[in-house]
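Visitor: Please take me slowly through one part of this molecule, and explain each term as you use it.

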Amino acid sequence: YFFNDDLIEKRLRNWPFLLFVFFAAIINNVIFYLFFMQASGISVVDFAITRGGLGVLYTTIVAVLPMLFASRRPLY
């Protein structure tokens, strides 16, 4: 129902794809902190700077690769 094969290329070619990846990584890190890291004594700020922020950054940078690959192929 939610999958449309014709729209895959169009969705990968624009910048909202990167925003989606960015916010999905942030939500993933918030959930990870709430369930696993909160009991370890690490503060939210320390987690966001040392682990969460870097994870969001490299995830978004790696997501640029499929976007660039999809933008080089012709859209039919």
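Guide: Let's begin with surface. Accessible areas come from the Shrake-Rupley method with a 1.4 Å probe, and for residues only the protein chains shown count as cover. By that method, the protein exposes about 6,200 Å², and carbon and sulfur atoms supply 72% of this area. This is a predicted model, in which local features need pLDDT of at least 70 and side-chain atom pairs count only at pLDDT 80 or more, while totals for chains, interfaces and linings use all residues. Residues are numbered from 1 along each chain as its sequence is written, and side-chain values use heavy atoms, leaving out hydrogens and water.

Now for the overall plan. The protein has three helices and zero strands (DSSP runs numbered from the N terminus, with H or I for at least four residues in a helix and E for at least two in a strand). Along the sequence this reads α-α-α. Of the protein's 76 residues, 20% count as buried (under 20% relative accessible area; over 50% is exposed, in between is partly exposed; 1.4 Å probe, protein chains only). Among the contacts (heavy atoms within 4.5 Å) with a separation of 6 or more, 70% are between residues 24 or more positions apart.

Our close look is at helix α2, which covers residues 16–37, and at its meetings with helix α3, which covers 44–72. A good place to start is the largest nonpolar core (buried Ala, Val, Leu, Ile, Met, Phe, Trp, Tyr and Cys residues joined through side-chain atoms within 4.5 Å). Five residues make up this core: F17, L18, V21, A63 and M67. Helices α2 and α3 each supply at least two residues of the core, and α2 gives the most, with three.

Take A63, one member of that core. A63 sits in helix α3, and its relative accessibility is 9%, so A63 counts as buried. Apart from neighbours within four places in sequence, A63 is in contact with F17, L18 and V21. You can also look from A63 to L12: the two are 51 residues apart in sequence, yet their C-alpha atoms are 9.6 Å apart in space.

Seen from the other side, L18 has its own set of partners. Leaving out neighbours within four places in sequence, L18 is in contact with T60, A63, V64 and M67.

One of those partners, T60, is worth a visit too. T60 is found in helix α3 and counts as buried because its relative accessibility is 16%. Not counting residues up to four places away in sequence, T60 touches L18, V21 and F22.

That brings us to F22, in helix α2. F22 is partly exposed, because its relative accessibility is 32%. With neighbours within four places in sequence set aside, F22 is in contact with V56 and T60. F22 and Y58 are 36 residues apart along the chain, and 9.7 Å separates their C-alpha atoms. Another residue of helix α2 is A24, which is partly exposed at 36% relative accessibility. A24 and T59 are 35 residues apart in sequence, and their C-alpha atoms are 9.7 Å apart in space.

Next along helix α2 on our tour is N29, which counts as buried because its relative accessibility is 16%. Beyond its neighbours within four places in sequence, N29 is in contact with F47, G52 and V56.

The contact with F47 leads us to the rings. The whole structure holds four aromatic pairs (Phe, Tyr and Trp rings, six-membered for Trp, with centres within 6.5 Å; planes under 30 degrees apart are stacked, over 60 edge-to-face, the rest tilted). In one tilted pair, Y33 and F47 are 5.2 Å centre to centre, with 40° between the planes. Y33 lies in helix α2 and F47 in helix α3, so this pair ties together parts that are 14 residues apart in sequence. Y33 and F47 are both buried, and they form one aromatic cluster with F32 and F36.

For contrast, let's stop at F35, also found in helix α2. F35 has a relative accessible area of 64%, so F35 is exposed. Helix α2 therefore carries both N29, buried at 16%, and F35, exposed at 64%.
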